[in-house]
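Please open the model in a viewer and keep the sequence panel beside it. The tour below proceeds by selection, with a short account at each stop.

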Amino acid sequence: MKPVDMLNLDLRSLATFVAVLDEGGVSRAAVRLGVTQSAVSHTLERLRQAFGDPLFVKSGRGIVPTDYALRTGPHIRQLLDDLRTLPSGPPFEPATAEFTFTIAANDYQRDLLLPGLVKTLREQAPGIHLQVIPSGIPNADLLRKEACDLVISPFAPETTDIMQRGLMADRMVVFYDQNERDAPADLKDYMNADHITVLFATGEKPGLDSTMEARGLKRRSMVTVSNFSGLPEFLRGTDLLASAPERMSNQLMRDFAYVPLPFEYNPFTLLMLWHRRHQTDPAHRWVRNQVNSVAATMNGLHD
């Protein structure tokens, strides 16, 4: 293989290579980068000449990376991440900053923390636009592929390139309509009841279900909803039960009574997750600090 022609490389070309590698296709990479498919194809051709390797070859209706592309990918990704950390321009000024900051969170985390963040942004950084996308149970690729800047979740990917910070503790409890039924007296009463359960739109179940199934416990689900926001209207006026985080008693589930789960289930900590490429970025760090401040000022149940 001939030496790499460094003069035929630039950062935009390398970012295109990473996008195609991540997305597994030219068209999806073009959408991610906001360019045309022909622009991606032309860039790939220049990269092939520079690296002296096909990089991606046809396989069925799609393309797959060559062994060389797979070996080279982590090095190029690291190079791009290192360059992003270089200091540039004047210090970050919230009052004059203008950009979009994307946070992945399910509706429970969104409604708990992000209205307070928006209030801070409107007061101190009106040019920062907040975009919220659903997270389900997130994996590290959400952050690696820059689908979002920050994830709020109790689930931390076990990987060294994802940073984390604890925000607040919470626990799962059992909500019920006190006008329609009494609280479940014990585990037998809980298991004999009909339940409203959550199956995230991403196809994942909350951790409670996995824990119960591991113990041989399976609730009788009468209704399944795709997020926690669907619980109140199905619970109201029925004898159903809904297991959800206790902090929702101050917001979405405030009209209902609740009791602890009738079996042992450890409390969890809501985490703020981000990729290490943003660790020292002053704008990213400022937004992270605001999210942490919102969490710190909330009335604690288990803080």
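Is Glu146 buried, partly exposed or exposed? Select Glu146 in this predicted model and display its surface: the residue is partly exposed, with a relative accessible area of 38%. Glu146 belongs to the loop that runs between helix 6 (141–144) and strand 5 (150–153). Its phi is near 60°, a positive value in a residue other than glycine.

**The whole protein**

Zoom out to the full chain. The secondary structure amounts to 10 helices and 12 strands. Along the principal axes, the C-alpha atoms fill a box of roughly 75 × 50 × 30 Å. Of the 303 residues, 45% are buried. Among contacts between residues at least 6 apart in sequence, 75% join residues at least 24 apart.

**Helix 1 and helix 3**

Select residues 11–23, which form helix 1, and then residues 37–51, which form helix 3. The two axes come within 10 Å and cross at roughly 105°. Helix 1 is therefore roughly perpendicular to helix 3. To see the contact from the side of helix 1, show Ser13, Leu14, Thr16, Phe17 and Val20. Helix 3 contributes Val40, Thr43, Leu44, Arg46, Leu47 and Phe51. By class, this contact has seven nonpolar, three polar and one charged residues.

**Leu55, in the loop after helix 3**

Continue along the chain to Leu55, in the loop between helix 3 and strand 1 (56–59). Leu55 has a phi near 70°, again a positive value in a residue other than glycine. Leu55 is buried, with a relative accessible area of 1%, whereas Glu146 is partly exposed.

**Thr72 in helix 4**

Next, select residues 67–84, helix 4, and pick out Thr72 within it. Thr72 is buried, its relative accessible area being 12%. Which backbone atom should be displayed beside its side chain? Choose the backbone oxygen of Tyr68, which lies 2.7 Å from a polar atom of the Thr72 side chain.

**Helix 5 and helix 10**

Now display helix 5 (residues 107–124) together with helix 10 (residues 282–297). Their axes come within 9 Å and cross at roughly 125°. The two helices are therefore oblique to each other, and their crossing is right-handed. On helix 5, the residues to show are Leu113, Gly116, Leu117, Thr120, Leu121 and Gln124. Opposite them, helix 10 makes the contact through Trp286, Gln290, Val291, Val294 and Ala295. The residues of this contact divide into seven nonpolar, four polar and no charged.

While viewing the spacing of such positions, recall that an α-helix has 3.6 residues a turn, so residues three or four places apart point the same way.

**Helix 8 and its surroundings**

For the last stop, select residues 207–214, helix 8, and colour Gly207, Leu208, Asp209 and Met212, which are buried. Against which elements do the buried residues of helix 8 pack? Add strand 7 (172–176), helix 7 (187–192), strand 8 (194–198) and strand 10 (241–245) to the view, as the buried residues of helix 8 pack against these elements. Finish at Gly216, which follows helix 8 and has a positive phi, near 80°.

Terms used
Residues are numbered from 1 along each chain as its sequence is written. Side-chain values use heavy atoms; hydrogens and water are left out. Axes are lines fitted to C-alpha atoms, for helices over the stretch in contact, and angles run from 0 to 180 degrees between N-to-C directions. Helices (H or I, at least four residues) and strands (E, at least two) are DSSP runs, numbered from the N terminus. Angles under 35 degrees count as roughly parallel, over 145 as roughly antiparallel, 65 to 115 as roughly perpendicular and the rest as oblique. A crossing is left-handed if the near helix is turned anticlockwise from the far one by less than a right angle, and right-handed if clockwise. Contact means heavy atoms within 4.5 Å. Ala, Val, Leu, Ile, Met, Phe, Trp, Tyr, Cys and Pro count as nonpolar, Asp, Glu, Lys and Arg as charged, and the others, Gly among them, as polar. Buried means under 20% relative accessible area, exposed over 50%, partly exposed in between (1.4 Å probe, protein chains only). A polar contact is a pair of N or O atoms within 3.5 Å; within protein, one must be able to donate a hydrogen and the other to accept it, and residues adjacent in sequence count only if both atoms are side-chain atoms.
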